[in-house]
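The following exercises are to be worked with the sequence and the model in view. Each task is followed by a solution in steps.

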Amino acid sequence: LPEYEPRLKELARLMLSWQRGGDYGYPHPHGGGNGWSRPDLSNTQYAALGLWVAQKHGLKIPSKIWRDLVTATLRYREKPRFIQTKTTDKRTATVGKSEIAGYGYTPRAKPTGSMTTAGVGVLQICKIGLGVKIPGIMRRRIDHAVETGIQWLGHHFSVTKNPGKKGNGWIYY
């Protein structure tokens with residue numbers, strides 16, 4: 001609605017100014033500190049969603065913001081690894097290998113289902129945000145990171161817990 005456009009522009013301006021090294025933390029002291037909070041993939045995901053909405057409503061989000069967001073998001077990804085997989089259908093069963101890589105809350109943190117979903121989502125949003133301006137090598141990196149993230153989710157899938165998190169931590173995230 002037109003009456004929300006000034007507020008949308010202001011929020012988009014803030015989101016652009018809050019990006020630090022490509023990702024996002026809390027834009028104010030969090031927990032009593034006197035600076036910006038440490039970036040994390042959760043805040044980064046919400047920022048990507050906000051930037052996407054702003055762009056969908058006609059606001060210009062610079063390509064550099066999206067590219068930096070891709071680079072930062074990939075820092076949350078674990079090193080890809082291969083696992084044994086079984087594929088079955090009604091006629092055949094095959095054994096092979098799948099490459100998987102999850103995402104953690106902070107760089108080098110243990111991957112979880114919620115943060116892997118966030119990482120995959122941010123990368124897909126960046127592809128949309130960049131559109132035809134996305135360099136071919138970056139598109140391939142994103143596609144590979146998304147595919148290995150989805151494979152990680154499939155390998156660790158659960159409806160009763162957040163994979164990678166002890167107990168029922170952040171199950172609804």
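**Exercise 1.** Which residues does Gly-25 touch, not counting residues up to four places away in sequence?

*Solution.* The model is predicted: local features need pLDDT of at least 70, side-chain atom pairs count only at pLDDT 80 or more, and totals for chains, interfaces and linings use all residues. Residues are numbered from 1 along each chain as its sequence is written, and side-chain values use heavy atoms, with hydrogens and water left out.

Step 1. Locate the residue: Gly-25 lies in the loop between α1 and α2. Helices (H or I, at least four residues) and strands (E, at least two) are DSSP runs, numbered from the N terminus.

Step 2. Apply the contact criterion, heavy atoms within 4.5 Å. With residues up to four places away set aside, Gly-25 touches Ser-37, Arg-38, Pro-39 and Asn-43.

Step 3. Check the spacing to Thr-44: the two residues are 19 apart along the chain, and the C-alpha atoms of Gly-25 and Thr-44 are separated by 7.0 Å.

Step 4. Classify the exposure. Buried means under 20% relative accessible area, exposed over 50%, and partly exposed in between (1.4 Å probe, protein chains only). Gly-25 has 12% relative accessibility and therefore counts as buried.

**Exercise 2.** State the order of secondary structure elements along the protein chain.

*Solution.* Step 1. Count the elements: the protein chain has five helices and two strands.

Step 2. Read them along the sequence, which gives α-α-α-β-β-α-α.

Step 3. Add the overall dimensions: the C-alpha trace spans about 60 × 40 × 30 Å along its principal axes. Of the 173 residues, 38% count as buried.

**Exercise 3.** Identify the elements that build the largest nonpolar core.

*Solution.* Step 1. Define the object: a nonpolar core is a set of buried Ala, Val, Leu, Ile, Met, Phe, Trp, Tyr and Cys residues joined through side-chain atoms within 4.5 Å.

Step 2. The largest such core has 30 residues, and those with the most contacts inside it are Leu-51, Trp-66, Leu-69, Val-70, Tyr-103, Leu-123 and Ile-142.

Step 3. Two or more residues come from each of α1 (5-18), α2 (41-56), α3 (63-74), α4 (113-130) and α5 (136-156). The largest share, eight residues, belongs to α4.

Step 4. Examine one member: beyond four places in sequence, Ile-142 touches Val-70, Leu-123, Lys-127 and Ile-134.

**Exercise 4.** Is Thr-116 buried or exposed?

*Solution.* Step 1. Thr-116 is placed in helix α4. This helix has 18 residues and reaches 26 Å from its first C-alpha to its last, close to the expected 26 Å; the expected span is 1.5 Å times one less than the number of residues.

Step 2. Helix α4 is mostly covered, with 14 of its 18 residues buried.

Step 3. Thr-116 counts as buried because its relative accessibility is 0%.

Step 4. Leaving aside neighbours within four places in sequence, Thr-116 is in contact with Ala-101, Gly-102, Tyr-103, Pro-111, Gly-149, Trp-152 and Leu-153.

**Exercise 5.** What is the phi of Arg-108?

*Solution.* Step 1. Arg-108 is found in the loop between β2 (93-100) and α4.

Step 2. Arg-108 has a positive phi of about 70° although it is not a glycine. Most residues other than glycine have a negative phi.

Step 3. At 80% relative accessibility, Arg-108 counts as exposed.

Step 4. For a glycine example, turn to Gly-131, just after α4, which takes a positive phi of about 55°.
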